[in-house]
Amino acid sequence: ERRTVTEAKARESIGYTGEGSTVSGTAGSSSASAVPATVLASAPTIDNSDPTIHLSLDEWIGWKPIIDANQGLTTQPGSIFDRLGLKVNLHIINDADSSSNALIKGDLNAAGYTINRTAFLSGKFKAAGLDVVIPVFTNYSDGGDGIIATTQYNTIESLVDAKVGVPKFSEAQTLVVWFVNKSDLPDAQKRKIIDNLVLLDDAEQTGQAFFSGSLDAAATWQPYLSNAENSTNSHILFSTASSNKLIMDGILFRSDFAEAHPDVISAFIDGIFQASGLYETEFGYLRSVMPMYAVATDEEILTNCADAGLMGYSENLAALEDDCPGIYSDMCSIWESLGESTNRELGATLFDASYVRALSTNYSSLPEQKTFTITAEQKEAAVDAAALLTKTATINFVPDTAKFLDAGEADAALAGFVEMAKTLDGTIIQIEGNINAKNNTEAGMKLSEERAKTVRNYFVASGVDPNRIIVIGNGNTKMLTEPDSADAELNRRTDVFFKTLEAYTRGEGQPSPFQ
């Protein structure tokens, strides 16, 4: 189970003696109160002369490289961290309110959080006067989180009148709100979905409510996604297999500690990267540190490992320097739409790649090339599959051509689409061109296709993999109004559909085409 969030009772900040420890919250969960009950007035000045890292982690498989590098709660002789001259004390804390309080107080100098959770806590850190920095990410959710629905709900837009359940204040909840905010739904319908979310205590309760028939859709995580995929009357509407960026797990440090010990931070990151080779081969250290895995078999742990994709040197550079500020801003918008206070300004300084870049002589900056392969048959099936999300732009072309009339105007209209395509980096993008014409002609069909290709070329030039894109020219077959009406410009539009892999490519035993 992953990051269940409960809306209650902050625990007292806990003190540490320098030894690693296990603090039990709900096993396999990460809790945070809606409005943290314990808010320290200000972060005290602490003595940073000791370079020991005191780090809290919840029970999530993606932290495994840290545990493997440490070989336990405390740094063991001969471990990767020991060979790098580090001393790391791990504390398993499944309650984000407790860990954030300990971070503010100075009992911890680091904690493992998602960007989603960091945005949630940012207002609390600001109120306490605590500066924080994220210098590294260990992993991203790779199919471990998602949205499931009964078969009649196939798009985000279809959820307007649905009963949608979420574990309250969880990463899974942010998935629903992110898609709703990014949709072309009218503001009133967006607000209706968000206001009508059914808030449940945890993923187990959410999954049980869905499979008992009490919910039409649910934001949840494994094993409920697999259960929905294997059911005849439900399906996966979205999973993080279709986006490596919406839920990323990083290590957040107190800025004063990071600034006092930059070499320690870089060595810590180096150790994480070195331990990645143990991810699918060494299981004993995980069992000794995280109670929820104490009796798990190797096969069960491996199954969990598949839900998190590790992030190395090049992936971290891309995330820290390019992706994360935008994701953080989106998450702040989500929490604000749910009535929480955030610190948007933190996004300008939160992500610092300098500690990773200090390792440039050890690692290649060239990212591992991911190829997106899909057969002609699968593409044909994709054309008729329901789109998870539909976006529409009105783009002006030079009459009777496929050239943008105003390149700046086109850029303003399409830039947001490209950013969404990069975030939903495992989806198929179907671009459809439409024209305003009285008659359906071959020339009109060709022109609409060429205009869709122009938009595709814009996506490709902006860094989107061309293998992900399907281009269709509709001519005048999908006009929304009469060609000579006052709002005929609605017919001269480009529709962009984001379609998930689950919708049409994943058969039994068939791997994702995104490798």
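## Salt bridges

Lys446, Glu449, Glu450 and Lys453 are linked in a network of salt bridges. This is a predicted model. Within the network, Glu450 pairs with Lys446, and the closest N and O atoms are 3.4 Å apart. The two residues sit four places apart in helix α17 (residues 442–461), so about one helical turn separates them. Glu450 is partly exposed, at 27% relative accessible area. Lys446 is partly exposed too, at 46%.

The count for the structure comes to 19 salt bridges. One of them joins Arg287 to Asp298, at 2.3 Å from N to O. This pair links distant parts of the chain: Arg287 belongs to helix α11 (residues 284–289) and Asp298 to helix α12 (residues 298–305), 11 residues apart. Arg287 has a relative accessible area of 24%, which means that it is partly exposed. Asp298 is partly exposed as well, with 33%.

Asp256 and Arg254 form another salt bridge, with 2.8 Å between the closest N and O atoms. Here the two partners fall in separate classes of burial. Arg254 is buried, with a relative accessible area of 1%. Asp256 is partly exposed, with 27%. The cut-off for buried is under 20% relative accessible area.

## The sheet and helix α17

Helix α17 also packs on a sheet. The helix lies across β14, β15 and β16, and runs at about 155° to β15. The sheet itself is open and has four strands, in the order β13-β16-β14-β15, with mixed pairing. The edges are taken by β13 and β15 (469–473). Each edge strand has a single partner, so one of its sides is left without a neighbour in the sheet. From one strand to the next, the twist averages 20°.

Strands β14 (residues 428–433) and β16 (residues 494–499) run antiparallel and are joined by six bridges. Gln430 has Phe497 of β16 as its bridge partner.

## Nonpolar cores

In soluble globular proteins, nonpolar side chains tend to be buried together. In this model the largest nonpolar core has 133 residues. Its members with the most contacts inside the core are Ile66, Phe137, Phe179, Ile251, Phe253, Phe268 and Phe459. Helix α13 (residues 313–337) gives the most to this core, with 11 residues. Another core lies apart from it and has nine residues, among them Ile148, Leu215, Leu225 and Ala228.

What surrounds Phe268? Leaving out residues up to four places away in sequence, Phe268 touches Ile53, Leu55, Ile66, Phe81, Leu86, Val88, Ile251 and Phe253.

## Helix α3

Helix α3 (residues 96–105) is mostly covered, with nine of its 10 residues buried. The buried set is Ala96, Asp97, Ser98, Ser99, Ser100, Asn101, Ala102, Leu103 and Ile104. Polar residues such as Asp97 and Asn101 are therefore on the buried list, at under 20% relative accessible area.

Which elements cover these residues? The cover includes strands β2 (53–57), β3 (88–93), β4 (110–114) and β11 (248–254), together with helix α4 (115–128). After α3 comes Gly106, with a positive phi near 100°.

## Backbone exceptions

Most residues other than glycine have a negative phi, and most peptide bonds are trans. Three places in this model depart from that pattern. The peptide bond from Gln222 to Pro223 is cis, with omega near 10°. Pro223 is found in the loop between β9 (217–221) and α8 (224–229).

Two residues other than glycine have a positive phi: Phe169, at about 55°, and Asp400, near 65°. Both occupy loops. The loop of Phe169 runs between β7 (164–167) and α5 (171–182). The loop of Asp400 runs between β13 (389–393) and α16 (407–423). Are these two residues buried or exposed? Phe169 has 8% relative accessibility, so it counts as buried. Asp400 is exposed, with a relative accessible area of 71%.

Key: Residues are numbered from 1 along each chain as its sequence is written. This is a predicted model: local features need pLDDT of at least 70, side-chain atom pairs count only at pLDDT 80 or more; totals for chains, interfaces and linings use all residues. Side-chain values use heavy atoms; hydrogens and water are left out. A nonpolar core is a set of buried Ala, Val, Leu, Ile, Met, Phe, Trp, Tyr and Cys residues joined through side-chain atoms within 4.5 Å. Buried means under 20% relative accessible area, exposed over 50%, partly exposed in between (1.4 Å probe, protein chains only). Contact means heavy atoms within 4.5 Å. A salt bridge is a side-chain nitrogen of Lys or Arg within 4 Å of a carboxyl oxygen of Asp or Glu. Two strands pair if DSSP finds at least two bridges between them. Axes are lines fitted to C-alpha atoms, for helices over the stretch in contact, and angles run from 0 to 180 degrees between N-to-C directions.
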